[in-house]
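Subject: The structure we talked about

Hi there,

Here is the structure I promised to pass on. Please have a look at it first, and then read my notes below.

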Protein chains: 4
Amino acid sequence: MSTVHVVGAAGFTGAQLAALVDAHPYFTLGQVTARADAGRRIVDVAPEYRVGAVLRELDLDAIAEGDFAAVCYPHAEAAVAVGEMVDRGARVVDVSADHRLRDGALYPRWSGFTHPRPDLLAEAVYGLPEINREAIAGARVVANPGCYPTASLLALLPMRGRITDIVIDAKSGVSGAGRTPTPDVHYSAVADSVRAYNVMRHRHTPEIAQGMGTDVVFAPHLVPVDRGLLASCYARFEGDAPHADDVRQAYADFYADAPFVEVVDEPPGMRAVQRTNYAQVCPMVDSDGGRLIAFGVIDNLMKGAAGQAVQNLNLMAGRPEDEGLR
Amino acid sequence: MSTVHVVGAAGFTGAQLAALVDAHPYFTLGQVTARADAGRRIVDVAPEYRVGAVLRELDLDAIAEGDFAAVCYPHAEAAVAVGEMVDRGARVVDVSADHRLRDGALYPRWSGFTHPRPDLLAEAVYGLPEINREAIAGARVVANPGCYPTASLLALLPMRGRITDIVIDAKSGVSGAGRTPTPDVHYSAVADSVRAYNVMRHRHTPEIAQGMGTDVVFAPHLVPVDRGLLASCYARFEGDAPHADDVRQAYADFYADAPFVEVVDEPPGMRAVQRTNYAQVCPMVDSDGGRLIAFGVIDNLMKGAAGQAVQNLNLMAGRPEDEGLR
Amino acid sequence: MSTVHVVGAAGFTGAQLAALVDAHPYFTLGQVTARADAGRRIVDVAPEYRVGAVLRELDLDAIAEGDFAAVCYPHAEAAVAVGEMVDRGARVVDVSADHRLRDGALYPRWSGFTHPRPDLLAEAVYGLPEINREAIAGARVVANPGCYPTASLLALLPMRGRITDIVIDAKSGVSGAGRTPTPDVHYSAVADSVRAYNVMRHRHTPEIAQGMGTDVVFAPHLVPVDRGLLASCYARFEGDAPHADDVRQAYADFYADAPFVEVVDEPPGMRAVQRTNYAQVCPMVDSDGGRLIAFGVIDNLMKGAAGQAVQNLNLMAGRPEDEGLR
Amino acid sequence: MSTVHVVGAAGFTGAQLAALVDAHPYFTLGQVTARADAGRRIVDVAPEYRVGAVLRELDLDAIAEGDFAAVCYPHAEAAVAVGEMVDRGARVVDVSADHRLRDGALYPRWSGFTHPRPDLLAEAVYGLPEINREAIAGARVVANPGCYPTASLLALLPMRGRITDIVIDAKSGVSGAGRTPTPDVHYSAVADSVRAYNVMRHRHTPEIAQGMGTDVVFAPHLVPVDRGLLASCYARFEGDAPHADDVRQAYADFYADAPFVEVVDEPPGMRAVQRTNYAQVCPMVDSDGGRLIAFGVIDNLMKGAAGQAVQNLNLMAGRPEDEGLR
């Protein structure tokens, strides 16, 4: 048994993560921390999970060598906390965006701060198990991918290096915006509507570009859905378009060992993956146009955040990748 | 032409009301006031109405004798503002709850304040045109009914005095909670769910009881709908239950002159009245049980607030009751 | 290990039930039957469950002595199928309404057919584990309660015999109407609206009345929610109203041994029970009015149908009541 | 006054169109036709419009010289009906797709039939008033644009000839799929989900390509919204990217005389145009990438169908373009 601390457990992602750890056959829930909600139980802020653990202020001194931690802090704050915990001997999954970009020079522009721990940034492993399984297993710091990058990369990675002119039009459920009430998440603003936001300036843009090794156009949209994220991806094949069957086979091969990626024949909807750690991907080929059209769909809080964090923790702890996630 | 000032025009009700006045063939939009949003146009806070008027702080000195005003302030603040405007010669529709209860002693318990202007409270007319058409026409202060009372009273008033043991289970769209973002109106809290709130302590309870002349059980529910309000009303007939046909005829007679009340044969849904000033009511009789089951449905921002305010302003100004409301 | 056949497994309830049995540690999935969808896998009609079993026409000869079966047929057809399976030695949970009413004379009026097997009707046990745990354990035929009766009875049973004048205003998610596309379940008819239906003639009315031992007024409503059911229940205490604390204690005592009923302090929403077998109930007392106001909320496909069926199967098979249901 | 027959008035588009004509100051509602729903009033199939006209089978002999007609038939049937009415001297807006493609050879592939009236196809005018105002005014047959092409073309036309590599990711409300209940429009299939459909084979693809004069990638998506359609359009500038200000100015100039197109600064949501004939378009420039990202949003039943039909009828009848549409 290993202890997992969930740091920032009052938000949508943190509470989901605490619930997964709480029900996990191997992990034990350690500290579950919060500031404004300290003193409340997780079940009080997220009744659907029935987790009775009490939220407390973070106690760094109670982090033990060999503990695991998952950090669900806001950006910039997470980088500091991750460092403090690693310094105390913990192995950490950073669920924030603070360790995802290998090039530290990108943080000021995209996240508004200078990275405080370039040493950890340098050693952090990008936590997409489908491509980094082994590196994750040995990492001290795992950068849990963003929700948009997860869906987009899973939809496109099998064609990495063979496509260009990538356009990603993504649709996210509202829980991706977090628990804080703002005008943008008011029911009367979200219901019955769809709109794009943060076009050309969303923090996930360079993360997807890094993953694909090329620039991308990325336009996130908010849709009237609680949980779920669909990335519709458009790209041009370099050279002649391959046959659709070959592309599908390449996807099947690429994900042959991935327990949570399902390659499907029709453009997938959100319902088949909601509240699960599964991703469904569907590549389509426009032979005349030499185009790839690929869809990736996940639950934004599971495979897009908390579920993937547990998948990474499983790998770090030498456990089966899907333990506690079925 | 008459001027109508809309005081508190940045909220859902105020913006809808300003839009109705702006498009009205007889009324001219006067001041449209706001505090936090002063300097912005109404179209900036409520794009769907395309009203270019700029929100300003209220200028009491610019209220002229004979002007009309509609006050959409929060409770307690409205009572003060209504008084100030009446003192300057305006005739006012109070869209807040501050002049609805004739018994001033009820305000401390239900609204948390002592009424500052018992003189105006005494002369205020309850602005449900279907029962008070003439009194409204001559009033200086009209208390615009609450959204729940409007739907409930329209569903039950034709049987007033003949029924007892009234239970009202009401379902409101989220816009009824106002524009302020709170945890309760977060999309992820409202979507996919229904729940009761403020059971036995909602401010509209004594207002409905006053209208029916008897105590009522009132349980409001929040439903995942933007606009619309359904009151499902249950009561026991005193004495033998009348025949269903007689009850239906009584409703038809009661609303024969009401341009906005439609008596329908099947329990009405919200869609037929959304974004209109119509109410649909449907009485049903359980002969065996001696029961009346009556449904009333409105758009909470129109017949439940802004539309009814314009209906009242029409009557006060001697205009056709439905002018600017079709 | 025991075999459970799911008869009628292509509908919303049947597919959910097959998924629960498929993942159950003790039960093995036997036949999963369908007519129009025969030849398809369950995952093809209900992708979210990832159950690969293939739907087939029912083969009665393959039912073995000691097998279990759950029948999710339409009303009237279920009564026949249950009889055929019991005759072959199976023990059956009838998920339809065909064995719920003890008085066979009620079937022609409420369900439109004369019951074909009065012998089985006489021995059938009403499958609400919270009140019939022992009888269920030994039953050959268990009548799985309806979704509305489950939520309503759980909300009211602790006060059975002490209350009268019961009014139940219930709100159901659309999945309760089944998978067949009809105008009433068209997205554009359901979204943004709430309406009552089948008032005074819903088949669940006599079932609730039977459970409470007194007539009830029951008005079901359709709400824009996929899964979830809230029963808001209003009643009058016979004699003086008890103290709210005593009522709450009575509920706590009544459900002390019920693993799936949670007595809560605030009117519950649907989210805390969605996709679970939990019910949440909340009694409130209006002392002045001598009234009980009680809320019961469930997931209509789980505690309201498939989950409760598994709960009953657990009891019939001598397994822990909550096995496979957490 | 002129008569407008609405042929196929029981569907979502036809009923909306009949309601617009019914309330129009210049047009008189002629025949409103339906087959399955003949004998019912429009208010019975679409209560929200309060149109009492009775649906009848089409009576061709009652079409008079100089009448107007709008045909809302399914594809292939519309082409026949349009011909019959034109032959009787009517001027027709074809709301179906049957006269939109100038190249008759495209119909077998994209619509599955050989066009029966190449003569009318040759003379039909594409009814997008923003580019064809004068030709529409004199036309006998106007091909009312599809909902997706309307939003897409309005978003892109100001840059026609200057862009290439066009990708359109469109999101449509469910009413666009029509009133017929199918599994795809079941509430439980649509709610809480988004999915693409008919990728690379939607009938609107060649219509958009024709309008832009170049091939396009078009991927329609169904979103959990009743009414509204957002086209998110991505393209590459030929040559150097122009400055964002210049692009915005070009849009403003292009739509200077268009009463229903609003050029906005932020990606528009559906709410500002729902139930109106307005379109909002928003061009954005990615200078580094040499890309145009442009959004167009409409109400699919108004500017995307019935409203645009009335706009065309206004032009054909020499009336103000926006009459009856504010």
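Below is what I found, starting with how the chains are arranged and ending with the helices. Please keep in mind that this is a predicted model.

**Chains A and B**

A turn of 180 degrees, with a shift of 0.0 Å along the axis, lays chain A on chain B at an RMSD of 0.0 Å. If you want a landmark for that rotation axis, go to Tyr187(A): its C-alpha is 2.1 Å away, the closest approach of any residue of chain A.

Where these two chains touch, chain A supplies 13 residues and chain B also supplies 13 residues. On the chain A side, seven of the residues are nonpolar, four are polar and two are charged. The interface residues of chain A are, to 100%, interface residues in chain B as well, so the copies meet through the same surface.

**Chains A and D**

Chain D superposes on chain A through a rotation of 180 degrees, with 0.0 Å of shift along its axis and an RMSD of 0.0 Å. These two copies are therefore related as by a two-fold rotation axis. Here too the overlap of interface residues is complete: 100% of those in chain D are also interface residues in chain A, so the copies meet through the same surface.

**Helix 7 in chain D**

Is this helix buried or exposed? In chain D, 10 of the 10 residues of helix 7 (residues 147-156) are buried, so the helix is largely enclosed by the rest of the structure. Among the buried residues are Cys147(D), Pro149(D), Ser152(D), Leu153(D) and Leu156(D).

**Helix 7 and helix 9 in chain B**

In chain B, helix 7 (residues 147-156) packs with helix 9 (residues 204-212) at an angle of about 25 degrees, and their axes are 9 Å apart. With angles under 35 degrees counted as roughly parallel, helix 7 of chain B is therefore roughly parallel to helix 9 of chain B. The crossing of helix 7 and helix 9 of chain B is right-handed.

Which residues meet there, in helix 7 of chain B and helix 9 of chain B? From helix 7 come Tyr148(B), Pro149(B), Ser152(B), Leu153(B) and Leu156(B), and they meet His204(B), Glu207(B), Ile208(B), Gly211(B) and Met212(B) of helix 9. By class, the residues of this contact are six nonpolar, three polar and one charged.

Best wishes

Methods. Residues are numbered from 1 along each chain as its sequence is written. Chains are lettered from A and ligands numbered from 1 in the order in which they are written. This is a predicted model: local features need pLDDT of at least 70, side-chain atom pairs count only at pLDDT 80 or more; totals for chains, interfaces and linings use all residues. Two residues are in contact if their C-beta atoms, placed from the backbone, lie within 7 Å. Ala, Val, Leu, Ile, Met, Phe, Trp, Tyr, Cys and Pro count as nonpolar, Asp, Glu, Lys and Arg as charged, and the others, Gly among them, as polar. A residue is buried if 20 or more other C-beta atoms lie within 10 Å of its own, exposed if 12 or fewer, and partly exposed in between; C-beta atoms are placed from the backbone. Helices (H or I, at least four residues) and strands (E, at least two) are DSSP runs, numbered from the N terminus. Copies are superposed by least squares on the C-alpha atoms of residues with pLDDT of at least 70 in both. Axes are lines fitted to C-alpha atoms, for helices over the stretch in contact, and angles run from 0 to 180 degrees between N-to-C directions. Angles under 35 degrees count as roughly parallel, over 145 as roughly antiparallel, 65 to 115 as roughly perpendicular and the rest as oblique. A crossing is left-handed if the near helix is turned anticlockwise from the far one by less than a right angle, and right-handed if clockwise.
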